[in-house]
Amino acid sequence: LFQINGYSSARGAGAWDTTSASGVLPSFVPDNLMAPTATNVFANGMSSDGRFTVMGSDREPTTGERVPSRLYRVDLVTGAVQRITPDPVAGDPWVASNAAHQAGVVGNADFSEIFFSSDSRLTPASTGVPVFDDKLYRWANGTTELVSYSPAGAPQSGTIASSLDDLNQNAPTLVRNSMSSDGQTFWYGTGGGGFSGYPLFRGTVGQTSSTAITASENPAYPATGTGIIKGASPDGQRAVFWSRNGLVPGTTTGTLDLGHVYLYTHSANPSSDTNLTLISADAEPADGSGAVTSVLGVSDDTRTIYFASRNQLVAGETTAAGSKLYRWHDGTLHFIGLSPETVMASGDSQATPDGRYLAFSPKPAYDATGQAYRYDAVTGQLDCVSCPSSGPPVGKAQLAQRPTSYPVVTRPSRYLADDGRVTFSSTGALLPNDTNGRQDVYTWKDGELSLVSTGRSPSDSRLADASRDGNAIFFYTREALSGWDTDTIQDLYVARVDGGLPEPNPRPAEVCSGDACQGSWTPAAPAPVVGSVTFTGTGNVVTPPWTSAEPRVSRVKAVRSRTATLRVRVPAKGTVRVSGNRLRRATRTSSKAQTLRIRVRLSTLGERTRKRRGSVKVNVAVRYTPAEGRASTVRVPVTFRKAKSKSKKSKSSSSRTASTNAKGGR
């Protein structure tokens with residue numbers, strides 16, 4: 001078994017300060033991930049202000065005792081936790097929040113209002129839904145309520161609107177505006193529909209009924225259809241979805257991967273009004289049915305929709321073979337051109353909120369060249385952003401990537417900035433300073449390519465995410481680009497316009513005695529500069545000499561336990577964080593100069609190693625951050641050994657005593 005831990009990082013004046021969200025609210029690692037107490041120990045979404053997250057835990061936060069798994073709102077600044085899931089209704093077993101819907105947590109700016117799904121029946125109203133079906137709840141003002149109701153007012157299953165990667169069915173990610181900006185309207189789906197999607201609904205806070213947006217308006221197809229939602233407006237009035245079903249007159253049900261694009265517009269009387277608009281109407285039916293393979297992007301106001309079809313839908317345009325790209329805007333369908341690949345359904349795509357730009361990359365299996373493209377609706381230009389300025393394409397490009405450590409995926413990683421800048425990874429050497437023959441991260445803007453990673457790492461560098469304005473690009477690499485990075489493990493970096501933080505200064509000799517002294521510390525070699533035309537900054541700032549006093553840590557003898565106690569003397573008010581490989585993190589604060597007793601504990605992996613090997617040695621890092629001044633770190637080795645086994649004599653004596661007691665002897 002393994003445990004995924006969640007972390008949050010905030011950029012300060014001198015460094016990125018990282019907090020273990022799982023350390024704030026730790027969990028027991030379950031013996032069986034399918035057990036009723038199984039829970040997720042990583043952050044499930046983050047509020048837009050970056051301060052709050054939702055996490056599951058099977059520990060009681062105040063006592064640490066094992067309890068049925070619950071969900072909590074966690075303040076990443078203060079460490080305060082607030083429970084949002086009540087106990088299941090009487091007689092019900094507890095079922096953890098469904099791991100298949102990690103994308104299904106959405107809330108307002110400070111997460112004082114949260115929508116989430118759980119298999120458990122948490123309120124009396126939810127007893128009408130089977131215990132193992134997802135149910136959609138809303139938590140606000142300390143109260144949890146069921147909000148997934150059918151149009152007839154009956155409780156039903158539900159998960160907040162999320163979009164699958166169509167044919168791939170990767171983990172679902174939240175659709176933009178799945179909750180309206182005022183928090184009163186939300187879009188959700190019910191059940192598990194696989195490739196076909198789910199019945200889709202619009203709900204309103206305070207109402208025990210909903211509107212089925214996939215309800216058919218076609219007499220030839222009377223049943224409520226299914227679909228995959230692709231976008232919604234922030235006012236909660238409109239939503240765009242893909243569906244195989246013929247929901248309006250003149251349409252028929254498509255095959256597994258072929259369907260129609262619909263726009264739902266809410267009205268005062270949706271049960272009797274016409275609310276569906278067929279976006280993928282075919283004005284050139286001679287070459288086929290006009291079925292759509294995928295929706296590529298939707299603007300926030302839903303006035304612009306990009307999609308792909310193998311058929312020509314615009315009269316007079318080419319009917320040549322190949323996937324065709326379209327842009328629907330305010331009721332008019334525009335043919336963009338033939339796509340460079342044959343199938344669009346399995347690729348990555350993203351549109352800017354205003355709908356002007358579209359970036360997409362077909363899955364390499366369906367595109368021999370494997371490149372990334374951008375379309376500009378104002379100029380009508382379709383560009384290959386991952387192609388060299390001259391010559392044929394080289395290497396393969398990727399837009400969305402999911403490395404072994406990753407940002408919380410409640411939304412797709414952003415690779416298209418609002419100004420049309422595209423960021424991607426490529427195995428090709430697109431610029432002369434890319435010399436490693438490995439995957440590197442690039443950015444493209446107005447025909448100009450820039451290298452974000454160094455192009456010299458012996459291993460791949462991968463795109464993680466980017467900011468809306470494109471001025472910050474997060475990427476993974478094993479290359480040490482900073483003096484703070486002292487290993488070859490994959491790390492997360494950010495390249496920022498006008499960025500740069502102070503590098504660590506050479507450290508003074510550590511205070512130690514005996515075998516705790518392991519030699520003088522050697523600063524890491526200067527890191528190579530991450531160079532690009534766009535991403536430039538002030539560079540590494542020369543900092544003044546080391547001024548903060550270091551903590552003094554007493555020597556710890558080998559312990560025959562999973563835990564050890566450190567005596568840490570700090571010179572003033574501040575915070576002490578203790579960490580180490582195979583060790584659980586611990587944090588203590590001091591209000592003055594004093595000696596702190598900090599208990600450290602082996603992680604589950606560390607404890608297994610101790611039991612298997614008989615002992616495990618941990619190089620414990622004690623980092624002291626004063627209220628004023630620069631932080632400093634002292635490292636001390638601690639050896640955790642197995643407890644001594646009982647002697648044969650003791651065992652024999654115990655056996656005789658047990659035997660005597662069994663016979664009733666004195």
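Leaving aside neighbours within four places in sequence, Val422 touches Ala359, Arg374, Val385, Leu399, Tyr415, Leu416, Tyr442, Thr443 and Trp444. A contact here means heavy atoms within 4.5 Å. This is a predicted model, in which local features need pLDDT of at least 70 and side-chain atom pairs count only at pLDDT 80 or more, while totals for chains, interfaces and linings use all residues. Residues are numbered from 1 along each chain as its sequence is written, and side-chain values use heavy atoms, with hydrogens and water left out.

**The nonpolar cores**

Val422 is also one of the residues with the most contacts inside the largest nonpolar core, a group that includes Tyr415, Phe424 and Phe475 as well. This core has 25 residues. A nonpolar core is a set of buried Ala, Val, Leu, Ile, Met, Phe, Trp, Tyr and Cys residues joined through side-chain atoms within 4.5 Å. Buried means under 20% relative accessible area, exposed means over 50%, and partly exposed lies in between (1.4 Å probe, protein chains only). At least two residues of the core come from each of strands S25 (357-361), S29 (422-426), S30 (440-445), S31 (448-451), S32 (462-466), S33 (472-477) and S34 (491-496). S30 gives the largest share, three residues. A second, separate core has 24 residues, among them Ala586, Val620, Val622 and Val634.

**Strand S30 and its partners**

Strands (E, at least two residues) and helices (H or I, at least four) are DSSP runs, numbered from the N terminus. Two strands pair if DSSP finds at least two bridges between them. Strands of a sheet pair through backbone hydrogen bonds, either parallel or antiparallel.

S30 is mostly covered, with five of its six residues buried. S29 and S30 run antiparallel and are joined by five bridges; Ser426 has Asp440 in S30 as its bridge partner. S30 and S31 also run antiparallel, joined by four bridges, and here Thr443 is matched with Ser450 in S31. The hairpin of S30 and S31 has two residues between the strands, and Asp446 in this hairpin takes a positive phi near 50°.

**Other strand pairings**

Near the start of the numbering, a hairpin joins S1 to S2 through four residues. Elsewhere, four strands form an open sheet in the order S10-S13-S14-S15, with antiparallel pairing. Its edge strands are S10 (159-160) and S15 (210-212), each of which pairs on one side only. The table sets out two antiparallel pairs, one from the hairpin and one from the sheet.

| Strand pair | Bridges | Residues standing opposite |
|---|---|---|
| S1 (residues 7-11) and S2 (residues 16-20) | five bridges | Ser8 and Thr19 |
| S14 (residues 200-204) and S15 | three bridges | Gly203 and Ser210 |

**The disulfide**

The structure holds one disulfide, a term used for a pair of cysteine sulfur atoms within 2.5 Å. The bond joins Cys384 to Cys387, with an S to S distance of 1.9 Å. The torsion about the S-S bond of Cys384 and Cys387 is about 75°, so the disulfide is right-handed. Cys387 has a relative accessible area of 17% and is therefore buried.

**Ala320**

Ala320 lies in the loop between strand S21 (304-309) and strand S22 (324-329). Its relative accessible area is 33%, so Ala320 is partly exposed. Ala320 and Arg310 are ten residues apart in sequence, and their C-alpha atoms are 9.4 Å apart in space.

**The protein as a whole**

The protein has three helices and 41 strands. Of its 666 residues, 49% are buried. Among the contacts with a separation of 6 or more, 52% are between residues 24 or more positions apart. About 30600 Å² of the protein is exposed, and carbon and sulfur atoms supply 51% of that area. Accessible areas come from the Shrake-Rupley method with a 1.4 Å probe; for residues, only the protein chains shown count as cover.

**Confidence**

The predictor's confidence in each residue is given as pLDDT, from 0 to 100. The average pLDDT of the protein is 80, and 79% of the residues score at least 70. Over residues 30-40 the pLDDT stays under 50, and the model has 26 contacts beyond four places in sequence for this stretch. Residues 647-666 also have pLDDT below 50, and they have three contacts in the model beyond near neighbours in sequence.
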